[in-house]
Amino acid sequence: EGKVALTDQQIAETGISIQSADVARIISSVTLPGEIRFNEDKTSHVVPRLAGVVENISANLGQQVKQGQVIAVIASTALSEQRSELLSAQKRLELARATFAREKHLWEAKISAEQDYLQAQQAMREMEIAVQNAQQKLIALGASQTVSARNDALNRYEIRAPFDGIVVEKHIAMGEAVKEDASIFTITDLSSVWAEIIVSAKDLNVVQVGKQVNIKATAFDSSATGTLSYVGSLMGEQTRTATARVTLDNPQMAWRPGLFITVELPTKE
């Protein structure tokens, strides 16, 4: 009763197929939205560290720069004072060394007192400390120590790229006066980027550091796999969501910051 019999021709015409039930692996997953962002560990906001006037700009938006490459030059009176201090300390050190050598010779020849020799030695040591102090100030500013006494060289401050990367922001113009803490360039290394994932409260229990995820671009056909390296411990006050992160290798520059993505996270099998 209730049996329907079909001929071989009817089965072929209707596309019916018969298969045997077997063991299979069924994976359920959750899909989360996200966005590609700069790798903040490889992004630098370049600041002059000295106030001055822009004299030259050698880097433009989108330009690839190398570590140590000069990207801008400013004229700084503060730097001129620091370099003048170093030059003055070096001259005083030369004099102190000559005086020490003379006093040492006179003391060894029993012509002058030992006290004069010790005083000359102390003066030389103090001048050595003064030179080192002036040098460390210039090192902290990232300025060159090898300058001449020409007025046009003392105030020249070269701003260099901190690492290999691309200029993604530029806030500097010729003749502009800049402050020591102004962000004049943003340089980033796009060989790796962050895939930031928005995680709602109901999905936090399955989003864990170390889990593998599948990442797909929403604008074009591109996908990648990665490992969750960070899950935020705080919820946003406005969004009530947390942030998770995957670091993606980006050798072909296909993953551009600002690109929207979807992330599939397997939950159970």
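Let me start with strand β3, residues 52-57, which is joined to strand β8, residues 177-178, by 2 bridges, the two running antiparallel. In β8, A177 is the bridge partner of V53. Bear in mind throughout that this is a predicted model.

β3 also has strand β5, residues 70-75, as an antiparallel neighbour, and here 4 bridges make the connection. One position to look at on screen is I57, which stands opposite A72 in β5.

Next, the open sheet. It has 4 strands in the order β2-β9-β7-β4, and the pairing is antiparallel. Which strands sit at its edges? They are β2 and β4, the latter being residues 64-65, and each of them pairs on one side only. For β4, the pairing is with strand β7, residues 165-170: 2 bridges, antiparallel. Q64 has I166 in β7 as its bridge partner.

Now the helices. Helix α2 covers residues 77-108 and helix α3 covers residues 114-141; they pack with their axes 8 Å apart, at an angle of about 160 degrees. Why is the pair described as roughly antiparallel? Because of that angle: α2 and α3 count as roughly antiparallel, the cut-off being over 145 degrees. The crossing of α2 past α3 is left-handed. As for the make-up of this contact between α2 and α3, its residues divide into 17 nonpolar, 10 charged and 6 polar.

Last, the largest pocket. How much space lies in it? About 170 Å³. Going along the sequence, the lining begins with S44, H45, V46, V47 and R49, then takes in G142, and ends with Y157, E158, I159, R160 and P162. By class, these lining residues are 5 nonpolar, 3 polar and 3 charged.

Where in the fold does the lining come from? Strands β2, residues 43-46, and β6, residues 156-160, each supply at least two of the lining residues. Of these, β6 gives the largest share of the lining, with 4 residues. β2 is also one of the edge strands of the open sheet we went through earlier, so to speak of the pocket is to come back to that sheet at β2.

To recap the places to find in the viewer: β3 with β8 and with β5, the sheet β2-β9-β7-β4, the packing of α2 with α3, and the largest pocket, with β2 and β6 in its lining. That is what I have for today.

Terms used. Residues numbered from 1 in each chain as written. Predicted model: local features only at pLDDT ≥ 70, side-chain atom pairs only at ≥ 80, totals over all residues. Heavy atoms only, no water. Pairing = 2+ DSSP bridges. 1 Å grid on protein atoms, 1.4 Å probe; cavity = no way out; pocket = protein on both sides within 12 Å on 5 of 7 lines; lining within 4 Å. Points joined across faces, edges and corners; volume = space filled by probe spheres on them. Nonpolar A, V, L, I, M, F, W, Y, C, P; charged D, E, K, R; others polar. Axes fitted to C-alpha atoms, helices over the stretch in contact; angles between N-to-C directions. Parallel < 35°, antiparallel > 145°, perpendicular 65-115°, else oblique. Left-handed = near helix turned anticlockwise from the far one by under 90°.
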